[in-house]
Amino acid sequence: MVSLRDLPSVDQLLQGAQVQEWIVAYGRPLTVEAIRSALNQARARFAQTGDLPNSVAILQVAQNILEKWITPTLLPVINATGVVLHTNLGRAPLSQAALFAAQSVSAGYSTLEYDLERGQRGSRLIHAEALLQRLTGAEAALVVNNNAASVLLILTALARRRGVVIARSQLVEIGGGFRVPEVMKQSGARLIEIGATNRVHLSDYEAALEDKPALILRAHRSNFRLIGFTSEPELSEIAVVARQAGIPLVDDLGSGALLDTARFGLGHEPMVQESLAAGADLVCFSGDKLLGGPQAGIIIGRADLIARLKKHPLARAIRADKLCLAALSATLLHYVKDEAEREIPIWRMIATPLELLKERAAAWAATLGQGEVLLGESTIGGGSLPGETLPTYLLALSVSKPDRVLTRLRQQRPPIIARLDENRVILDPRTVLPEQERDLLAGVRSAL
Ligand SMILES: *Cc1c(COP(=O)(O)O)cnc(C)c1O
């Protein structure tokens, strides 16, 4: 008769050579906890089945438990979906220079809030400001944690307990729980909706300004498009009306671009410089959408308004950290040096010539010895250019159980995220970084 007394003790199991290695690698407390947990599982199983696992089996369970505990949940993946700014996959990959900058300021101490010339306390707000001024011609700039925070700060600091005019067609939800009307409510501003769902006229803005609102907000619709019987005044027209009434005009661009997307065969995504030129008093946009940098919210525009934002207590709560500021400054510098298309990964992906994508897909097919190279479409994502696609070449793998292959691709290290199309597994070379190709092909081979 086997009994629970035949189960090895924690101390006995700790003597094993393999367990000694775990202690070195993971530390004693975690190792002991994993062994206890494996022993508990063995006892529970004994109570149900009357079987006792041997030491080898118990240690195998302990090892699985340990591995699960120490594996991070935030892992790098290979994005083979062809969605350039995939929000679930972390949006924009950083440039080499941005990575290096973040690493060098965070491995040691930095001038985050230190003025080297005067040897005194400085401000973290200056780091990206001069670059943003140079790039956009804005009087002033402020960087916060993300663009949702930009909008919240602007509304809270400039419009709390007052009215904000916005067109009904712009009361959007952009995913991740960001809804313009709810942010408005959170800020304490009062929503003044104007126009109809599909059309808003300059006269609607003029009529709303008679109530003396705190500001006019224009929000980019980001992830959907209005088509058919629609109209909206130009930003420059709204700006004239706003200026006459002395009311600030704020443009939430969402993505915002510093390069013209039309140059790459896409539609034209509104540009930051255009909003300022059209007369917006403040413009806000994300750091990790078409800018191609780290997660950040960037606000640029009139110096007097930016000064009020900087002074508001909320600005402290949503401030950008040093990793972000270092990576953002390095990313902005690529634009200043006119090398963004070459150095910033998302622009490199967008600008990849179709012929090169075809060559890469064909080379994958040759290495794998299977798959078909097909003309297809990549999308930009990140709430920019809804409905717009870029032609690409895909590798399509015809397999009997595509769902199972997708699951197995996700189980690779690094995990591979692919697409499914009509029972075929689809891999788009556009979003796979060249240095990931070896891992991609090894992973695909193993998943097949
Ligand atoms: C994406 C987006 C935001 C939110 O930006 P995050 O950087 O994701 O916080 C706000 N407004 C618009 C119009 C957007 O497209």
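# Ligand shell, a helix pair and two backbone details

Helix H7 (147–159) and strand S9 (249–254) each supply at least two residues of the shell around the ligand. The model is predicted. The protein covers 94% of the 380 Å² of accessible area that the ligand has on its own. Beyond the ligand site, this briefing takes up the pairing of helices H2 and H3, a cis peptide bond at Pro-414 and a positive phi at Lys-212.

**Ligand shell**

- The ligand is surrounded by Arg-91, Asn-146, Asn-147, Ala-148, Ile-174, Phe-178, His-220, Ser-222, Asp-252, Gly-254, Ser-286 and Lys-289.
- Sorted by class, these shell residues are six polar, three charged and three nonpolar.

**Polar contacts to the ligand**

- Ser-286 places a polar side-chain atom 2.6 Å from an oxygen atom of the ligand.
- Lys-289 has a side-chain N or O atom 2.8 Å from a ligand oxygen atom.
- Ala-148 takes part through its backbone: a polar atom there is 2.8 Å from an oxygen atom of the ligand.
- With the protein in place, 94% of the ligand's own accessible area of 380 Å² is covered.

**Helices H2 and H3**

- Two packed helices are described by the distance between their axes and the angle between those axes.
- For H2 (residues 17–26) and H3 (residues 28–49), the axes come within 7 Å. They cross at roughly 130 degrees.
- The two helices are therefore oblique to each other.
- On the H2 side, the contact is made by Val-19, Trp-22, Ile-23 and Tyr-26. H3 brings Arg-28, Leu-30, Thr-31 and Ile-35.
- The contact residues divide into six nonpolar, one polar and one charged.

**Backbone details in loops**

- What is the form of the peptide bond from Arg-413 to Pro-414? The bond is cis, with omega near -5 degrees.
- Pro-414 sits in the loop that runs between helix H18 (402–410) and strand S14 (416–417).
- Lys-212 is not a glycine, yet its phi is positive, at about 55 degrees.
- Where does Lys-212 lie? Lys-212 is in the loop between helix H9 (202–209) and strand S8 (215–219).

Key. Residues numbered from 1 in each chain as written. Predicted model: local features only at pLDDT ≥ 70, side-chain atom pairs only at ≥ 80, totals over all residues. Heavy atoms only, no water. Axes fitted to C-alpha atoms, helices over the stretch in contact; angles between N-to-C directions. Helix = DSSP H or I, 4+ residues; strand = E, 2+ residues; numbered from the N terminus. Parallel < 35°, antiparallel > 145°, perpendicular 65-115°, else oblique. Contact = heavy atoms within 4.5 Å. Nonpolar A, V, L, I, M, F, W, Y, C, P; charged D, E, K, R; others polar. Near = heavy atom within 4 Å. Polar contact = N/O pair within 3.5 Å; in protein donor to acceptor, adjacent residues only side chain to side chain. Areas by Shrake-Rupley, 256 points an atom, 1.4 Å probe, with all protein chains shown as cover.
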